[in-house]
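Okay, thanks everyone for squeezing me in. Let me put the thing up on the screen and then walk you through it.

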Amino acid sequence: MENDDVDMHAADNNEAVMVSELDDMKKRLKEMEDEAAALREMQAKVEKEMGSVQDPATSSASQANREEVDSRSIFVGNVDYSCTPEEVQQHFQSCGTVNRVTIRTDKFGQPKGYAYVEFLEVDAVQEALSLNESELHGRQLKVTAKRTNIPGMKQYRPRRSNPYMAFRGRTPYAPPFAYSPYGYGKVPRFRMPMRYSPYY
């Protein structure tokens, strides 16, 4: 009898433990479903924003706007590394009203040695081109009109050959002699006879 009571208590305890574990699992499942729903909602929101950004009408309008800005801009090369945007602006102030000066930098913040100058008027670009090979900080500037980059239209530049490397061009596959009697890759060797043979 006592053994039956002990077994009943153990079974009750096991059932209670299993019910609590089941409740925990249901609770975790509910949390995971809520999290997945929130993620789906965020993803839909991002896709909606990306779709509006990549709308063809919007992208063509932004491309036209970029071309218009580039028609008022110039590229300035060989800019001294210690040069500030204010000094570049002062240098090109005589050409027209400077809207913005951008000196490009690398990922460490060091100047790359070139800049872009954007004017308010299109006519100022022709004036600025006359300042080509003028000096700033003792360096001759290279001034050209800024060109518009078209996304996905990278100019193809073939690889230059290295004179220090041996030529490693691929030789086309040439099959051996058709039905070679000597086997694959074997070439007959013709030797001069060592002594006189009447059979040749």
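So, strand β1, residues 73-77, runs antiparallel to β6, and the two share 4 bridges. Strands here are DSSP runs of E with at least two residues, helices are H or I runs of at least four residues, and both are numbered from the N terminus. I call two strands paired if DSSP finds at least two bridges between them. If you want one position to look at, find I74: its bridge partner in β6 is A145.

Before I go on, this is a predicted model: local features need pLDDT of at least 70, side-chain atom pairs count only at pLDDT 80 or more, and totals for chains, interfaces and linings use all residues. Residues are numbered from 1 along each chain as its sequence is written, and side-chain values use heavy atoms, with hydrogens and water left out.

Now zoom out to the sheet. It's an open one with 4 strands, in the order β2-β3-β1-β6, and the pairing is antiparallel. The edges are β2 (98-105) and β6 (142-145); each has a single partner strand, so one side of each has no neighbour in the sheet. From one strand to the next, the twist averages 20°, with axes being lines fitted to C-alpha atoms (for helices, over the stretch in contact) and angles running from 0 to 180 degrees between N-to-C directions.

At the β2 end, β2 and β3 are antiparallel too, over 6 bridges. V98 sits opposite F119 in β3. The hairpin these strands make has 5 residues between them, and there G109 takes a positive phi near 90°.

Okay, charges. How many salt bridges does a search of the whole structure find? It finds 6, counting a side-chain nitrogen of Lys or Arg within 4 Å of a carboxyl oxygen of Asp or Glu.

Take D70 and K146: their side chains meet in a salt bridge, 2.9 Å from N to O. D70 is in helix α2 (residues 56-71) and K146 is in the segment after β6, so this pair ties together parts 76 residues apart in sequence. D70 is buried at 6% relative accessibility, where buried means under 20% relative accessible area, exposed over 50%, and partly exposed in between, using a 1.4 Å probe and protein chains only. K146, at 25%, is partly exposed.

Then there's D80 with R139, whose closest N and O atoms are 3.6 Å apart. That one also links distant parts of the chain: D80 is in the loop between β1 and α3 (85-91), R139 is in strand β5 (residues 139-140), and they're 59 residues apart. D80 is buried at 18%, while R139 is partly exposed at 25%.

Back on the sheet, E118 and R100 form a salt bridge at 2.7 Å, N to O. E118 belongs to strand β3 (residues 111-119) and R100 to strand β2, 18 residues apart. Is E118 buried or exposed? Buried, at 7%, whereas R100 is partly exposed at 48%. These two also join E68 and R72 in a network of salt bridges.

Last stop, the cysteines. The search of the whole structure turns up 0 disulfides, a disulfide being a pair of cysteine sulfur atoms within 2.5 Å. C83 is buried at 7% relative accessibility, and C95 is buried at 12%.

That's my tour, so over to you.
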